Amino acid sequence: MKRLRRNPDENDPGTNPDPDGEGLFLRDQERKCGLSSMRLMGFVVVALMVVSVVFSVSLVLQDPPSDGVLESGSELRFLDVLESSKEERVLEVKPQKVVGPVDDYAPSVEARKDKLLGGLLAAGFDERGCVSRYQSVLYRKELLHKPSPYLISRLRSYEALHKRCGPYTESYNKTLEKLKTKNHFGSTDCNYLVWISFSGLGNRILTLASAFLYALLTNRVLLVDPGADMVDLFCEPFPEVSWFLPSDFPLKGQFSNFDQKSPHCYGRMLKNRTFANSSRLILSSFVYLHLVHDYDDQDKLFFCDEDQTSLQDVPWLIMKTDNYFVPSLFLIPSFEQELSNLFPRKETVFHFLGRYLFHPTNPVWGLITRYYQAYLAKADERIGIQIRVFDTGAGPFQHVLDQIIACALKENLLPEISREKPIINQSQKSKAVLVTSLSAGYFERIRDMYWEHPTVTGEAISVYQPSHEEYQQTEKSFHNRKAWAEMYLLSLTDVLVTSSWSTFGYVAQSLGGLKPWILYKPENRTAPDPPCHRVMSMEPCFHAPPFYDCKAKRGIDTGALVPHVKHCEDMSWGLKLVDNESEL
């Protein structure tokens with residue numbers, strides 16, 4: 001409590017020099033005027049403070065800029081408070097850097113304007129049931145190529161067919177009766193292609209895309225054997241009716257036993273000539289197609305026009321394959337024009353089909369988005385390095401590490417390090433390296449290299465690896481969740497290095513629309529020179545194609561028949577689709 005000083009006694013002549021009171025009156029008037037001025041100034045100051053607060057609040061509450069999604073929702077960040085020469089404070093408001101969606105379910109309308117990918121995807125799905133379907137656009141660059149209007153039209157037509165003929169529809173039930181009674185007489189409203197879940201996850205993704213394209217070309221309904229984990233990994237791609245084969249399908253228990261010796265195997269039927277007449281009329285209600293890497297010359301006749309004619313009226317085709325056989329579909333004359341209409345750019349086949357068919361389920365999408373936001377989102381550039389080693393023995397192998405580093409440095413994907421200078425002026429650029437491998441050894445060596453030494457460019461290099469499972473565990477559900485998440489994360493990088501022969505890398509490059517640098521397969525445990533090569537196209541490689549001229553009925557180099565089907569960079573006998581610029 002403040003102590004007040006006592007006023008002098010006006011009656012005391014020693015302390016009051018003005019006993020008549022004239023000076024006292026003047027002082028009272030002066031004091032009153034002073035208090036009034038102070039009150040007035042106080043009101044002015046308070047008013048200015050209120051106006052300043054109202055102005056600031058109005059800035060905060062105004063609409064945010066519409067050029068992207070803000071990192072922390074729709075909040076604005078006060079970056080700078082600058083003082084002018086007149087000592088007036090100016091508030092500068094700037095949007096934050098766009099790094100992805102605000103939250104799991106509510107990205108901005110502006111950011112989602114092309115969530116249907118130029119018409120590739122159908123509208124009308126429950127977005128919360130499969131968040132990735134429409135939210136993936138927030139994590140990717142714009143499509144370099146647009147799907148053709150004809151492809152979009154055919155996809156909508158297929159969706160209508162699937163809705164009419166899918167599991168437990170009237171047409172499905174009628175066709176199923178033919179299978180149960182083994183009666184093929186009479187036409188059916190719908191014919192089916194059943195894809196058997198087989199091999200590793202990368203193979204399954206590639207073969208399922210191949211099967212869907214074949215179904216599209218032959219007007220069949222694709223039904224997918226869910227296997228152990230397909231439902232756990234992938235959302236339904238078609239509206240309203242499932243693409244998964246019902247568990248009560250009559251032949252489901254035989255899938256694991258189907259092989260080249262099965263009586264209904266098409267190759268065996270050709271060998272034994274088990275047809276109704278010379279025109280190869282098939283009376284069976286189903287045929288098994290063995291298109292696995294060990295298939296023989298009779299099985300490979302599947303890729304001939306005459307054999308497609310024999311198969312076209314069979315109600316049920318059951319397919320087992322571990323090959324991306326799309327390139328050989330382009331060599332079947334009866335499919336040629338349709339494929340050209342669907343894909344004017346040949347190297348976009350899996351890119352479009354993969355983006356259409358394969359949407360990670362919410363648990364997998366959570367793995368993807370959490371990792372991306374935590375480690376990759378804020379980097380100026382993202383580099384993916386996919387490592388698959390086929391050598392036997394315990395890794396990591398020095399020659400493989402030498403090859404990876406040589407490739408990254410030679411192609412200027414990563415900067416050199418300085419071994420002389422402990423510190424180099426830092427640049428503003430950062431690069432995030434995403435390594436995927438069954439072994440942690442390669443990641444650790446690359447990470448330590450950029451931790452222990454500065455880069456000659458001053459760039460900051462961070463290195464990450466989501467998992468290291470040590471060996472492939474195809475039968476384990478969570479292993480495949482992480483594998484699918486890592487393929488997808490690789491597809492979100494800006495540049496990519498992949499390993500020869502690896503379907504894991506093929507999926508990542510094609511989903512991302514990337515032309516990677518592919519590491520040549522080492523021989524005799526020696527790093528190749530050159531270490532890597534930029535691929536011709538983003539399409540996967542068909543590892544086991546037929547080499548047969550169906551008309552001449554003799555062997556032929558199928559990689560030299562048309563300009564848009566060439567041999568692969570990583571497998572000299574394989575086939576892949578490329579774009580012939582003269583045809584565009």
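**Exercise 1. What percentage of the 584 residues of the protein chain count as buried?**

Solution. The structure is a predicted model, in which local features need pLDDT of at least 70, side-chain atom pairs count only at pLDDT 80 or more, and totals for chains, interfaces and linings use all residues. Residues are numbered from 1 along each chain as its sequence is written, and side-chain values use heavy atoms, with hydrogens and water left out.

Step 1. Apply the cut-off: buried means under 20% relative accessible area, exposed over 50%, and partly exposed in between, with a 1.4 Å probe and protein chains only.
Step 2. Of the 584 residues, 50% count as buried.

**Exercise 2. Identify the residues that touch the most other members of the largest nonpolar core.**

Solution. Step 1. Define the core: a set of buried Ala, Val, Leu, Ile, Met, Phe, Trp, Tyr and Cys residues joined through side-chain atoms within 4.5 Å.
Step 2. The largest such core has 123 residues, and Leu-222, Phe-249 and Trp-484 touch the most other members. Helix 5 (residues 201-218) supplies the largest share of this core, 12 residues. Helices (H or I, at least four residues) and strands (E, at least two) are DSSP runs, numbered from the N terminus.
Step 3. Take Phe-249 and set aside neighbours within four places in sequence: Phe-249 is in contact (heavy atoms within 4.5 Å) with Tyr-172, Leu-176, Leu-179, Val-194, Phe-255, Trp-316 and Ile-318.

**Exercise 3. Describe the cover and packing of helix 12 (residues 349-357).**

Solution. Step 1. Count the buried residues: 9 of 9, so by the under 20% criterion the helix is mostly covered.
Step 2. Among them are Phe-350, His-351, Arg-355 and Tyr-356.
Step 3. The buried residues of helix 12 pack against helix 3 (149-165), helix 5, helix 10 (326-329), helix 17 and strand 14 (575-577).

**Exercise 4. Give the strand order of the open sheet of 6 strands, and place the helices on the sheet.**

Solution. Step 1. The order is 9-8-7-10-11-12, with mixed pairing; two strands pair if DSSP finds at least two bridges between them.
Step 2. Strand 9 (460-464) and strand 12 (532-534) are the edge strands, each pairing on one side only.
Step 3. Strand 8 (residues 430-436) and strand 9 run parallel and are joined by 5 bridges. Lys-431 stands opposite Ile-461 in strand 9.
Step 4. Helix 15 (residues 441-452) packs on the sheet, touching strand 8 and strand 9, and its direction makes about 160° with that of strand 9. Axes are lines fitted to C-alpha atoms, for helices over the stretch in contact, and angles run from 0 to 180 degrees between N-to-C directions.
Step 5. Helix 17 (residues 503-512) lies across strand 7 (381-386), strand 8 and strand 10 (495-499), running at about 160° to strand 10.
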